[in-house]
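Got your viewer open? Let's take a short walk through this structure, one selection at a time.

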Amino acid sequence: MNIIGDKLYLFGGLSQTQEYLNDLHILDLSSMNWSQPKISGKPPVPRESHTAIVYNSKIVIYGGMNGQRLSDTMFLNAGF
């Protein structure tokens, strides 16, 4: 999770059915409303246990697990 201004960004994870996820959800902290933007381009592979930071107006996703250890780096332009 990352907080930028009044928005919380949640990427990926592991579902209750043990499915790896690569979706992005945004919680507007001022209204407490969730949204799920459409991701264009090549999305990161589904994963959990990754690192996510904000750098140069992008969310940087690094590593994690999806049944194997990942060591890739992906950038999400969250439109902020």
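First, a bit of vocabulary: a strand, written E, is a DSSP run of at least two residues, and strands are numbered from the N terminus. Keep in mind that you're looking at a predicted model.

Start by selecting asparagine 2, which lies in strand E1. Is asparagine 2 buried or exposed? Its relative accessibility is 10%, and buried means under 20%, so asparagine 2 counts as buried. Now show what asparagine 2 touches: leaving out residues up to four places away in sequence, you'll find Lys7, Leu8, Tyr9, Ala52, Ile53, Val54 and Ile59. Zoom in on alanine 52, whose backbone oxygen lies 3.0 Å from a polar atom in the side chain of asparagine 2.

Next, click isoleucine 3, also in strand E1, which covers residues 2-4. Isoleucine 3 counts as exposed, at 57% relative accessibility. Add Leu29 and Met32 to your selection: with Ile3 they make a nonpolar surface patch of about 300 Å².

Last stop: charges. Side chains of opposite charge can pair when their charged atoms come close. How many salt bridges does the count come to? Just one. Select arginine 47 and aspartate 72 to see the salt bridge, with the closest N and O atoms 2.8 Å apart. The two partners are 25 residues apart and link distant parts of the chain: arginine 47 is in the loop between strand E4 (33-35) and strand E5 (51-55), while aspartate 72 is in strand E7 (residues 69-76). Try a surface view, too: arginine 47 counts as buried, at 0% relative accessibility, whereas aspartate 72 is partly exposed, with a relative accessible area of 24%.

Conventions:
Residues numbered from 1 in each chain as written. Predicted model: local features only at pLDDT ≥ 70, side-chain atom pairs only at ≥ 80, totals over all residues. Heavy atoms only, no water. Salt bridge = Lys/Arg side-chain N within 4 Å of Asp/Glu carboxyl O. Helix = DSSP H or I, 4+ residues; strand = E, 2+ residues; numbered from the N terminus. Buried < 20%, exposed > 50% of the residue type's maximum accessible area, 1.4 Å probe, protein only. Patch = residues over 30% accessible without salt bridge, like charges linked within 9 Å, V, L, I, M, F, W, Y side chains within 5 Å. Areas by Shrake-Rupley, 256 points an atom, 1.4 Å probe, with all protein chains shown as cover. Polar contact = N/O pair within 3.5 Å; in protein donor to acceptor, adjacent residues only side chain to side chain. Contact = heavy atoms within 4.5 Å.
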